[in-house]
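Trainee: I should like to understand how the terms used for this model are justified. Could we begin with the classes of accessibility?

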Amino acid sequence: INAEYMGELVKLIEQEITTDPVIEFVRALYIDYDFEAAQRRVAQCESVLLHDFFLVSCHEEFIENAKLMIFENYCRIHSVFDIGMVAEKLGMDKEKAEIWIVNLIRQTRLDARIDSQKNQVIMDTTPSSVY
């Protein structure tokens, strides 16, 4: 989802009272900043998508984008974090998570590096200029 539309979606979801797993995922991630709840909702979304005739074809893309959204939100809040913890939050094993993070850093050109000895991802936050 385009970042411009995400803000509008969040405003709409704040007003909604529903038990839909997709809406609850967005609520957990962007309103409550509850990463554990967001991960549980991804699992629920996966079940819904796999059993829906019309949505089953976008199952893998949805799950991958949900993991990306969780990771991006987590990066906004934390400047240093453990790869094992990210793997747990994304429902991946540690090795797959490290490969996924490396590929993500390359693809999105995130200003980040991996400290393999400490098993950490370090986000390089450049302060924005006031001018």
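Mentor: Buried means under 20% relative accessible area, exposed over 50%, and partly exposed in between, with a 1.4 Å probe and protein chains only. The model is predicted: local features need pLDDT of at least 70 and side-chain atom pairs pLDDT 80 or more, whereas totals for chains, interfaces and linings use all residues. Residues are numbered from 1 along each chain as its sequence is written, and side-chain values use heavy atoms, without hydrogens and water.

Trainee: Why does Cys 58 count as partly exposed?

Mentor: Its relative accessibility is 29%, and partly exposed lies between under 20% and over 50%; therefore Cys 58 is partly exposed. Cys 75, at 12%, is buried.

Trainee: What makes a bond too far for the sulfur of Cys 58?

Mentor: A disulfide requires a pair of cysteine sulfur atoms within 2.5 Å. The closest cysteine sulfur, in Cys 45, is 11 Å away from that of Cys 58, so the distance is too far for a bond. The structure holds zero disulfides.

Trainee: With which residues is Ile 70 in contact, leaving aside its neighbours within four places in sequence?

Mentor: Contact means heavy atoms within 4.5 Å. On that basis, Ile 70 is in contact with Phe 25, Leu 29, Phe 35, Ala 38, Gln 39, Val 42 and Leu 90.

Trainee: How do the residues lining the largest cavity divide into nonpolar, polar and charged?

Mentor: Ala, Val, Leu, Ile, Met, Phe, Trp, Tyr, Cys and Pro count as nonpolar, Asp, Glu, Lys and Arg as charged, and the others, Gly among them, as polar. The lining has six nonpolar residues, no polar and one charged.
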